[in-house]
Amino acid sequence: MKIGYLTFGRDDFGYGMALCLSRLKEHEIYRVTPKTARYVDALLFSCFWWEHIYLLADFIRRSGLKKGDHPRIIVGGFNTFNPVPFFPYADAVVCGDGEEILQSVIAGESPGYTWNNVDPLMAFCHETNKIARIELARGCKYRCRFCAVAHLKPYRETPVDEIEQALKSTRLKRVSLFAPEPTMHSADKEITELCHRLGKVRVDSDVRLDRLSKRDDSVPRVGIEGLSERLRKSVNKPYSNGRIISAVKEAIAQGRKGLFMYMILDLPGEQDEDWQEFRELLSKIGKLSGCTGFLLKPSPSVFMPSPHTPMELDEIHWERDYGEKWKSFFGRGEDRKWEVMMAERSRVFSPAMRILSMLSTRAGEEFAEIETELTRSKIIGISGGRVKCNSLSGLLRILKRYGGVDKWTGRRDETSAPWKVVTFGNQGAPAGNSAAALGGGISKTSKSIVAGAKG
Ligand code: SF4
């Protein structure tokens, strides 16, 4: 069989697809373009990020392919946690782990929507950009309320002997041993020692603030998330300001060069006082002895309530221009008065992009019709591999015809959440090695898939 594939987005999003393809060795595998896509028997697309459904729609349009025709179209990747917007494009949607069920999905045995959890994980090494990437774990034992990783996937680890084999299989020196929280692996220390013994250098640097001592990166990346103690508590990452200050103090004492801080703006209930508290926190850090030469890198993102998390029904304030707010908070030229070296990241999604993100993650099957209309009227387009919005007013005008922008960005209730076709039992994430599929596709009104028991 001829299998075509395409992963949208950055190279390091390609791990999942590479892992799946490694299990399909008996087939001929081709990376496809819109021109070549029709010459294979099955097409696999990986949509990792919310923007990728727009790229998928564009690809399908340009290739002239249609669901139900030849070749069979299969979509997987992290962003299929709401599989419903994908239904008009795909013959089958794989959510969760694809590597063990893809054969049967390709063979047409699992039409519609399929969920699966692989347990235990098998190590796999994927080399991109001179870095060998090896997955340590899936899911997360913590329960940050906004985090889809924790609520969508149960926690599982790759056994150490598997990791050792994967490390030995690559000649590359730089290795990214990745997981949502890499230090959580029960053999974390042993794995780092193994890397040293094999002459490998770990380049993964994400870590929780309260596990910083387990990493020796020069500029570790930590998720602070909320601007204030109150907001951090509200998302179940209750770091106090004192805790953050002592972590920086310790980092300076250890000779680290800086700290990369992920922040989420527009968390529910955010007020001006939260920004003020964040300013005071940064000022206090600037007064720590020895902080000259220490670099703070606050990196903003805007809140996007993810399906299947406790915050899935929350509203966003798309109309707030957080890009401008963030820039004016840090100031320019003379207005810039930080005692610590500050290299804040400045890219934040615009109001229009936030609307597009909510449309792609919260929509039902109407997504395809809206996307077609937006594209035809040139309100959105693809440029440089990204979706772009050319007119916010045009976007709002079209959405008004479908019920108004609030339908996707406002506070939702259980009955207006298409992704509820997927249910996970009481534990927030499915457990065990389970696969469930509905024959013939599922409609908006069809029954839920209960994918796994309590874990
Ligand atoms: S934000 Fe990080 S620590 Fe929190 S649940 Fe997600 S992966 Fe785990």
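This short talk walks through two sheets, two helix pairs, a ligand shell and a few backbone details of one structure.

Before the details, please keep in mind that this is a predicted model, in which local features need pLDDT of at least 70 and side-chain atom pairs count only at pLDDT 80 or more, while totals for chains, interfaces and linings use all residues. Residues are numbered from 1 along each chain as its sequence is written.

Let me start with the sheet that has the strand order 7-8-11-12, which is an open sheet of four strands with mixed pairing. Strands here are DSSP runs of E with at least two residues, helices are runs of H or I with at least four residues, and both are numbered from the N terminus; two strands pair if DSSP finds at least two bridges between them. At the edges are strand 7 (125-128) and strand 12 (201-202), each of which pairs on one side only. Strand 8 (residues 131-135) pairs with strand 11 (residues 174-178) in the parallel sense over four bridges, and Ala-132 is found opposite Val-175 in strand 11. In the loop between strand 7 and strand 8 we meet Lys-130, a residue other than glycine whose phi is nevertheless positive, near 60°.

Across strand 7, strand 8 and strand 11 lies helix 5, which runs at about 165° to strand 8; such angles run from 0 to 180 degrees between N-to-C directions, with axes fitted to C-alpha atoms, for helices over the stretch in contact. Helix 5 (residues 160-169) also packs with helix 6 (residues 188-197) at an angle of about 20°, their axes being 11 Å apart. The two helices, helix 5 and helix 6, are therefore roughly parallel to each other, a term that covers angles under 35 degrees. Where they touch, Val-160, Ile-163, Glu-164 and Leu-167 of helix 5 meet Glu-190, Ile-191, Leu-194 and Cys-195 of helix 6, contact being counted when C-beta atoms, placed from the backbone, lie within 7 Å. By class, this contact of helix 5 with helix 6 has six nonpolar, no polar and two charged residues, where Ala, Val, Leu, Ile, Met, Phe, Trp, Tyr, Cys and Pro count as nonpolar, Asp, Glu, Lys and Arg as charged, and the others, Gly among them, as polar.

Turning to the other sheet, four strands form an open arrangement in the order 13-14-15-16, and the pairing is parallel. Strand 13 (221-225) and strand 16 (341-342) stand at its edges with a single partner strand each, so one side of each is left without a neighbour in the sheet. Strand 15 (residues 295-302) and strand 16 pair over two bridges, with Leu-296 opposite Met-342 in strand 16.

What surrounds the ligand? The residues around the ligand include Cys-140, Tyr-142, Arg-143, Glu-181, Arg-208 and Gly-223, a residue being near if its C-beta atom, placed from the backbone, lies within 6 Å. By class, the shell around the ligand has seven nonpolar, one polar and three charged residues.

Finally, there are two cis peptide bonds to point out. One joins His-70 and Pro-71, with omega about -5°, and Pro-71 is in the loop between helix 2 (52-63) and strand 4 (72-76). Another joins Asp-119 and Pro-120, with omega about 0°, and Pro-120 sits in the loop between strand 6 (112-116) and strand 7.

Technical notes. Angles under 35 degrees count as roughly parallel, over 145 as roughly antiparallel, 65 to 115 as roughly perpendicular and the rest as oblique. Two residues are in contact if their C-beta atoms, placed from the backbone, lie within 7 Å.
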